[in-house]
Structure formats: structure tokens, C-alpha cells
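Grab a pencil and work through a set of short exercises on the chain shown below. Try each task yourself before reading the solution.

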Amino acid sequence: MLRSMFTAVSALNLHQTYMDVIANNLANANTTGYKASRVLFQDQFYQLLSPGAGPSTTLGGINPSQIGLGVQLGYVAPVFTQGMLQSTGRNLDLGIQGDGFLIYDQGASTRYSREGSLTLDSNGFLVNASTGLHVQGWSADTDGVIDPNLPPNNIQLITDKTVAKASENAVFGGNLDAKTATDGVVSTTMGLYDSLGVLHTAKVEFTRNTDNEWGWKFTEPAGHVAGEGTITFDAAGQYTGSTIDVPVTIDGSAGANQIGDPGGLTLDLKNMTMLSMDDSVAVTSQDGLPAGTVNGLYITPNDGSIYLTYSNGVRQQVAQLAMARFTNPSGLIDAGHTTYQQGLNSGEPEIGTANTGGRGTIASGYLEASNVDMAQEFTNMILAQRGFQASSRVITTSDEIMQELVNLKR
């Protein structure tokens, strides 16, 4: 009789733990990045009353007799199924589609989380908006190179700098009039930016050498020849080729690099024609830009590359988010604030970029919702309640039996 009471007490305790887990799951039904926990029940060891016996020549075998001593907790572990991605329209909100975690630095320890609501703090560090933990990744070096083979570090962005882009390429288009006489000149001008964003105007002259060949020449405002070559056309007036006899290099402003340095400005002349119509040769595009300031921060979908955008149109990659993957994510230790620590059975973190090595993809503009299934949790609540009631009835019945035993002496 006492054995039945202790067996029922073990069930009461475990069903109370079961209810605690269910309550926590339901409390976090709307917690971003939360992963529901599940409870596994296991029976306790058994008291062996009789080991039984094997069959003999005259008798059959006898099965062992055992009485169970209740139930025990197997484990409580999170279930890392995918949560629904909810659109926020905010580029610094990041959801993860697939396996993996964002990496956060907490000084002496590292945290891993599926919750990716990021923001910039006053020092320019990219941090989690709710906890202030620094997100980990790789920053570009002075040459703009990002090396994901290095250990990840805190990402700090400089958002108050100004950049300019020197002209390196120019595309010409339009027509050179086929009626132009030999040694006739067609002129146009173009603007070029040096490395400091200063605009320089160059004069470009096309001089007819022969029926199908023209010479071209760049001159600076002071009249210095900055580059020259030839361009040829076929009998239909279509471009056939060009040469650069002197690379195009134009002096920049004080302190700036020479435009076109070191190999000369790259010219694209293949869109030009020589037909019997008015001259219309002109520069259709060039890639230089004046000075511009930061006007936006952008994290690309899928791979988590971090770009700064500038008012002059420059788009510069400055960092790359890091992601970690674990062989057994259920072995992680919950550290609160929807973050986890590496556990003894989680395995070592496999760190790299998103969408590589089995790691999931980044969904910018989304947050991952909790994966709690409320219908399942309410069903589990009913099971926990009924299990608790059944075990309490066992205690009540055992008590009545003991009461009858005590009353035998009356």
C-alpha cells in the first residue's frame, strides 16, 4: 500500500513538471524566436519479486515478476522546428529560414539565438535591439576585403563618413557624320571625377584620318593631351575596332590621384557609328561620382551581407553576418532572452556565412515567430490534468485501504 502511494507521488510531481513546461510554452506563444519545449516521461526501475525460471524437461518456463516504482523525468528539451516568418518591413529585422543561429557576444561568453531584431547603438555597433548584445560577423579591411575564415568579431559601422568614386570607365555613343571631310574635327566634352570627388571637364576631339578611320584625342582645360588613339568603321558605318596609343590620364585636384591612374581610363567606343547623318557623338555614361554621405544601411537577403548606401549612389559592402550551426541544437542550454549557450551534448559551433555548409538563409525584413502549437499545448494540458487526477485518486484509494487496515482492531 505504501508502495502505491510513493508511485502515485512520483506521478504527481512529474505531471506538475509537465504543467510547468506547458505553461511556459503558452506564455511564450508570441515570443519572437522562441522554441517550444517538450517533456519525455520514463518509467522508474522495477522491483524484482521473482526472476522466473527457464523451461525444464518436465516443466515449462516461468516469467519474472516485477513491480514498477513509478515514473521519472526523461528530459525537457527545446524542439527546433521552423517558426513562421512574419514580415516587419524593417530591413534590420532578420529571420532565419533553415538551420542555424545568429551569434551574439556577451563579453566572457557567446550566445546563440534565432531572434534577429537588430539596431545600431550610439557607437555604431550592430546590436540586438532588446538585449544590446553585439552581433558577430566579419568587417571589411582597409582594402574592402571580407575574410569569413577569420574568427568573427563585433560589427561596428562608420555612418558619418563621406566617399567619392574616381572615374575609371567611360562609354561613348552616337554618330560621326560620314560626310565629314578628311582632317575634319568633331568635338564633345565630358565630365570626370577624381578620387576626391572633384569634377574635371575634358575635351574629346574626333579627327577623320581616312575613309574608315578616325583619330580621337583627350585634352585637359589647359590644352595638355591626356590620351589619344584611333577608331575604325566598316563600309556600313559600323564599329570594327579601336586603339589606344596614349592611355587617358587626367590630372586630379590637389591631393587626389590622377584620373585613370595607373593604366588609363577604360573607354568603350563600340556603340559609335559613322553614317551619313548629323554628328551626335557623346558620353552616354561614366562611373565617377561626387562626394556623398551615408543615407542607408542594408542587409541583403539569403547571405546576410551588410552594405552602406550613400547619397551619391555608391553601395559599399562593409561587413558580413556570421551564423553558427550545431550538430545537436537540442543539446544547447537555454540562457534566457531567447538565447542559448553551447552545451556538453550540442557539439562545437560550425561558424560560417549564411546559405553555406548546411546553414540556413537570412530573411531580411522578417522575424521568426514562436513555434508553439497552441492546439497541441492545450491537448497536453488536458493530458497532464487527467494524469494528475488519476494519480491523486490512487493516493486517496491507498489512504482508504490503510484506514480500513487501522480499523481492523476495532
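What follows is a handful of tasks, each with a worked solution.

This is a predicted model, so keep the ground rules handy: local features need pLDDT of at least 70, side-chain atom pairs count only at pLDDT 80 or more, and totals for chains, interfaces and linings use all residues. Residues are numbered from 1 along each chain as its sequence is written, and side-chain values use heavy atoms, with hydrogens and water left out.

**Exercise 1: overall form**

Task: Work out how the radius of gyration of the chain stands against that of a compact globule of 410 residues.

Solution:
- Start with the rule: the radius is taken over C-alpha atoms, and the globule value is 2.2 Å times the number of residues to the power 0.38.
- For 410 residues a compact globule would come out near 22 Å, but this chain has 38 Å.
- Now look along the principal axes, where the C-alpha trace spans about 135 × 60 × 35 Å.
- For one pair to check, take the C-alpha atoms of Val-79 and Phe-206: they are 127 residues apart along the chain and separated by 72 Å.
- Next, burial: 39% of the 410 residues are buried (buried is under 20% relative accessible area, exposed over 50%, partly exposed in between, with a 1.4 Å probe and protein chains only).
- Finally, contacts (heavy atoms within 4.5 Å): of those with a separation of 6 or more, 62% link residues 24 or more positions apart.

**Exercise 2: the two helices**

Task: Count the helices and strands of the chain, then test the helix lengths against 1.5 Å a residue.

Solution:
- The chain has two helices and 30 strands. These are DSSP runs numbered from the N terminus: H or I with at least four residues for helices, E with at least two for strands.
- The expected span is 1.5 Å times one less than the number of residues.
- Helix 1 has 26 residues and reaches 37 Å between its end C-alpha atoms, close to the expected 38 Å.
- Helix 2 (residues 374–406) has 33 residues and should span 48 Å; its end C-alpha atoms are 48 Å apart, so it agrees.
- Now see what is tucked away. Buried residues of helix 1 include Met-5, Leu-12, Tyr-18 and Ile-22, and their cover includes strand 1 (37–43), strand 4 and helix 2.
- In helix 2 the buried residues include Glu-377, Asn-380, Ala-384 and Gly-387, with helix 1 (2–27) part of the cover.
- A general reminder helps with that spacing: an α-helix has 3.6 residues a turn, so residues three or four places apart point the same way.

**Exercise 3: two open sheets**

Task: Give the strand order and pairing of the five-strand sheet and the three-strand sheet.

Solution:
- Strands pair if DSSP finds at least two bridges between them.
- The five-strand sheet is open, with the order 15-16-17-18-19 and antiparallel pairing.
- Strand 15 (185–193) and strand 19 (239–246) are at the edges with a single partner strand each, so one side of each has no neighbour in the sheet.
- Within this sheet, seven bridges join the antiparallel strands 17 (residues 213–219) and 18 (residues 225–233), and Thr-219 sits opposite Val-225.
- The three-strand sheet is open too, with the order 20-14-21 and mixed pairing.
- Its edges are strand 20 (266–273) and strand 21 (282–286), each paired on one side only.
- Strand 14 (residues 169–175) runs parallel to strand 20 over six bridges, with Val-171 opposite Asp-268.

**Exercise 4: loop residues**

Task: Find where Asp-183, Thr-338, Pro-262 and Val-79 lie, and describe each one.

Solution:
- Asp-183 lies in the loop between strand 14 and strand 15. Its phi is near 70 degrees, positive although this isn't a glycine, and at 58% relative accessible area Asp-183 is exposed.
- Thr-338 is in the loop between strand 26 (333–336) and strand 27 (339–341). Thr-338 also has a positive phi, about 60 degrees, but counts as buried at 17%.
- Pro-262 is in the loop between strand 19 and strand 20, and the peptide bond from Asp-261 to Pro-262 is cis, with omega near 5 degrees.
- Val-79 lies in the loop between strand 4 (71–78) and strand 5 (85–87) and is partly exposed at 28%. Leaving out residues up to four places away in sequence, Val-79 touches Lys-35, Ala-36, Arg-38 and Asn-371.
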